Amino acid sequence: MSELSTHKQRLAIITLGNELLASTESWRTGKTFAKGKVLTLHRPPGHGSESSWYCRVSRHNKEDATFDEFWSKLGVNKAENENSQSIVRPFVSAVKQVTEVKRISATQSVWTLYYTYPPPVSPRVFTVLQTTYLSSATPRSGLIVSIPIDLSDDERKGVRGRYVAVERLLELDDGEVEWRMATSATPGGMIPSFIAESSMPGQIAADVTHFLKWFHTIRNRTAAEV
């Protein structure tokens, strides 16, 4: 793929990601989690999609993390941070191995993520093209888009799952950060979609709590070493 076509592909992904997140403003409101800090939203199948979509929105002050701190962990090597082994517990505990299959550019890479779950659920393999975009315009914002791709025999053994995720960090006027994420996933294997989807709001909301706990561990250790 030429450099020009790669650039056009990246712009198309960013545009579609922004359009999707803009549409979440009209999605059906769901449950709130983390003592009301995380709001979930839902869009049922339709609108050209065969799967349901789920969204979570949370706002964070500087005690949680600044915009730069969020971006340094979500916009840079996100897959590796989800599987960080340098601390007691990784950001996403189910992710046991990540592999950067190909680095296309500083803002695009192909990753394979290997998830394990308690029996009888088999391990899952998710391979995604991850695209990032950081805007320095006011207000600052950052976008992380993960879309599924098929590498067939190059993937680690496991049931192949597929997911799309679009995340946006937005710096608000008061210095807080809005973290908005929309996703649609197919777990693959014998798990019925309705079972996987019924737990989706709670799972994506829990990611916020897990991330903040993980990040504060890193921040505190760094401060202690200074």
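This report describes the overall make-up of a predicted model and then two of its residues, Ser52 and Met200.

## Overall composition

The chain contains 5 helices and 10 strands. Of its 226 residues, 43% are buried. The exposed surface of the chain amounts to about 12,300 Å², of which carbon and sulfur atoms supply 54%.

Contacts across the sequence were also counted. Where the two residues of a contact lie at least 6 apart in sequence, 53% of such contacts join residues at least 24 apart.

## Ser52

Ser52 lies in the loop that runs between strands β2 (38-43) and β3 (53-60). Its relative accessible area is 7%, so Ser52 falls under the 20% limit and is classed as buried.

With neighbours within four places in sequence set aside, the contacts of Ser52 are His42, Arg43, Pro44 and Pro45, together with Thr183, Ser184 and Glu197. Among these partners, His42 and Arg43 belong to the range given for β2 (38-43).

## Met200

Met200 is part of helix α5, which spans residues 200-225. Met200 has a relative accessibility of 10% and therefore counts as buried, the limit being under 20%.

Outside the residues up to four places away in sequence, Met200 touches Tyr54, Thr183 and Ala185. Thr183 is thus listed as a contact of Met200 and also as a contact of Ser52. His42, another contact of Ser52, is separated from Met200 by 158 residues in sequence, while the C-alpha atoms of Met200 and His42 are 9.9 Å apart in space.

Definitions and conventions:
Residues are numbered from 1 along each chain as its sequence is written. This is a predicted model: local features need pLDDT of at least 70, side-chain atom pairs count only at pLDDT 80 or more; totals for chains, interfaces and linings use all residues. Side-chain values use heavy atoms; hydrogens and water are left out. Helices (H or I, at least four residues) and strands (E, at least two) are DSSP runs, numbered from the N terminus. Buried means under 20% relative accessible area, exposed over 50%, partly exposed in between (1.4 Å probe, protein chains only). Contact means heavy atoms within 4.5 Å. Accessible areas come from the Shrake-Rupley method with a 1.4 Å probe; for residues, only the protein chains shown count as cover.
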